[in-house]
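Student: I would like a close look at a single part of this structure, followed by whatever in its surroundings helps to place it.

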Amino acid sequence: MTRLYATRLSGRNGSATAYELLEYIYALEYSGQMPDIKKTPAGKPYFPDRLDIHFSLSHSKSHVLCALSDMAIGVDIETARQVSDRALSFFSTAQERELFDPLDLWVLKESYIKLLGGTLPMVKTLHFSMAKGEIIPPDSRGISRLYRIDNCPAAASTYADHLPESIELL
């Protein structure tokens, strides 16, 4: 079971809203109070009392994205913005720049890092490609998908198994 949910931010604190959305979704899916959250040394949040339930959170200036799953998952969402040539050359290869929109590539890489529980410097070493219209992640630890929701230009998830076709907007 993997579910993706998003909501508009409406000027509220993105991080706090992400955790509120997680708590709401947890209650919907598991009919109970959300367990305490801890973080790994790399900063990946998890439920120490429910290791069978995985989640990932992201927020942009306009939206919050939350995934709840029975396997490790990573998500990222971004609001429309210009990506400088300097930043683009830092986190992407020439081939990636030919295949992907800059924001799409960024959310793919961020979602992959969140799947692994890695850190942001990994963004330089992860390389995505395309084959027959399918996104090919850096290795076989996950599959990746891009989403468009509610005028938000870039959202992605990376998961070890089947990914939902869409994000439910709450």
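Which residues of helix H4 are buried?

Tutor: This is a predicted model, in which local features need pLDDT of at least 70 and side-chain atom pairs count only at pLDDT 80 or more, while totals for chains, interfaces and linings use all residues. Residues are numbered from 1 along each chain as its sequence is written, and side-chain values use heavy atoms, with hydrogens and water left out.

The buried residues of H4 are Leu103, Asp104, Leu105, Trp106, Val107, Leu108, Lys109, Glu110, Ser111, Tyr112, Ile113 and Leu115, where buried means under 20% relative accessible area, exposed over 50% and partly exposed in between, with a 1.4 Å probe and protein chains only. Because 12 of its 15 residues are buried, H4 is largely enclosed by the rest of the structure. The elements named here are DSSP runs numbered from the N terminus, helices being H or I over at least four residues and strands E over at least two.

H4 itself covers residues 102–116 and spans 21 Å from its first C-alpha to its last, close to the 21 Å expected at 1.5 Å a residue; the expected span is 1.5 Å times one less than the number of residues. At the N-terminal end the helix is capped by Asp101, a side-chain oxygen of which lies 3.0 Å from the backbone nitrogen of Leu103; a polar contact is a pair of N or O atoms within 3.5 Å, and within protein one must be able to donate a hydrogen and the other to accept it, residues adjacent in sequence counting only if both atoms are side-chain atoms. After the helix comes Gly117, with a positive phi near 80°.

As for what encloses the helix, its buried residues pack against strand S6 (73–78), helix H2 (85–91), helix H3 (94–99), strand S8 (134–136), strand S9 (143–149) and strand S10 (152–159), contact meaning heavy atoms within 4.5 Å. Two of these neighbours, S9 and S10, are paired with each other in the antiparallel sense over 6 bridges, pairing requiring that DSSP finds at least two bridges between the strands. Within that pair Leu146 stands opposite Ala156 in S10, and in the hairpin, with 2 residues between the strands, Asp150 has a positive phi near 45°.

The largest nonpolar core has 18 residues, and those with the most contacts inside it are Phe91, Phe100, Leu108 and Phe128; such a core is a set of buried Ala, Val, Leu, Ile, Met, Phe, Trp, Tyr and Cys residues joined through side-chain atoms within 4.5 Å. H2, H4 and S10 are the elements that give two or more residues to this core, and H4 supplies the largest share, 8 residues. Apart from it lies another core, of 15 residues, among them Ala18, Leu21, Tyr26 and Met34. The contacts of Phe91 show the surroundings of H4 in detail: beyond four places in sequence, Phe91 touches Val83, Glu96, Pro102, Leu105, Trp106, Lys109 and Val123.

A residue in another part of the fold offers a point of reference. Val64 has its place in strand S5 and, at 0% relative accessibility, counts as buried; its C-alpha is separated by 15 Å from that of Glu110, 46 residues apart along the chain. Neighbours within four places aside, Val64 is in contact with Tyr5, Ala6, Thr7, Leu9, Gly14, Thr17, Ala18, Leu21, Ser58 and His59. The sheet that includes S5 is open, has 4 strands in the order S4-S5-S1-S11, and is mixed in its pairing. Its edge strands, each pairing on one side only, are S4 (54–59) and S11 (168–169), and S4 runs antiparallel to S5 (residues 63–69), joined to it by 6 bridges.

Finally, the segment just after H4 has a partner far along the chain. Ala42, in the loop between S2 and strand S3 (45–46), touches Gly117, Gly118 and Thr119 when residues up to four places away are not counted. The C-alpha atoms of Ala42 and Gly118 are separated by 6.2 Å, although these residues are 76 apart along the chain. At 39% relative accessibility, Ala42 counts as partly exposed.
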